[in-house]
Amino acid sequence: EHGMHHPDAVWTRPDGASLEDHDWAGADCVGLTLAAVEGGGRVHLIFNRGGQTPGRLPAGAAWRLALDSARGFVGEEPAGDAFVAPARSVLAFVEA
């Protein structure tokens, strides 16, 4: 997916769908995908203020987990296409 045009920023629900206005009121877990300016890889952040939450990463990319606030920096573990966000945590994934 490197070199493809992606929106600068996309907010998502845990299931990977885009957040709509009505989703924000009860959103305990949200994702934010940020695209690099010069065609580099993307970063996908998960902000979870609720309990443990499973979810899907953006399709069409190989993701690696770089940060799990419950465990600290984890290097860059292959993440597949799904995640489980621990309660009250932040996860950071980088596009491989």
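A search of the whole structure, which is a predicted model, finds three aromatic pairs. In one of them, the rings of tryptophan 11 and phenylalanine 47 have their centres 6.3 Å apart and their planes at 40°, so the pair is tilted. This pair links distant parts of the chain, since tryptophan 11 belongs to strand E1 (residues 9-12) and phenylalanine 47 to strand E3 (residues 42-48), 36 residues apart.

**Aromatic pairs and their surroundings**

- Tryptophan 11 is partly exposed, because its relative accessible area of 36% falls between the 20% limit for buried and the 50% limit for exposed.
- Phenylalanine 47 is likewise partly exposed, with a relative accessible area of 33%, and together with Trp11 and Trp24 it forms one aromatic cluster.
- Phenylalanine 83 and phenylalanine 93 also form a tilted aromatic pair, for which the distance is 6.2 Å centre to centre and the angle between the planes is 50°.
- Because phenylalanine 83 lies in strand E7 and phenylalanine 93 in strand E8, this pair ties together parts that are 10 residues apart in sequence.
- Both partners of this second pair are buried, phenylalanine 83 with a relative accessible area of 5% and phenylalanine 93 at 2% relative accessibility.

**The nonpolar core**

- In soluble globular proteins, nonpolar side chains tend to be buried together.
- The largest nonpolar core of this model has 11 residues, including Phe83 and Phe93 of the tilted pair, together with Cys29, Ile46, Leu57, Trp63, Leu65, Val74, Ala79, Ala85 and Leu91.
- At least two residues of this core come from each of strand E5 (63-68), strand E6 (72-80), strand E7 (82-85) and strand E8 (89-95).

**Strand E7 and its partner**

- The side chains alternate along E7, where Phe83 and Ala85 point to one face and are buried, whereas Ala82 and Val84 point to the other face and are not buried.
- Alanine 85, a member of the largest nonpolar core, is in contact with Ile46, Asn48, Gly51, Gln52, Thr53 and Leu91 when its neighbours within four places in sequence are left aside.
- Ile46 and Leu91, which are among these contacts of alanine 85, are themselves listed in the largest nonpolar core.
- Strand E4 (residues 53-56) pairs with E7 in the antiparallel sense over four bridges, and within this part of the structure arginine 56 has alanine 82 of E7 as its bridge partner.

Notes
Residues numbered from 1 in each chain as written. Predicted model: local features only at pLDDT ≥ 70, side-chain atom pairs only at ≥ 80, totals over all residues. Heavy atoms only, no water. Core = buried A, V, L, I, M, F, W, Y, C linked by side-chain atoms within 4.5 Å. Buried < 20%, exposed > 50% of the residue type's maximum accessible area, 1.4 Å probe, protein only. Contact = heavy atoms within 4.5 Å. Pairing = 2+ DSSP bridges. Phe/Tyr/Trp six-rings, centres within 6.5 Å; stacked < 30°, edge-to-face > 60°.
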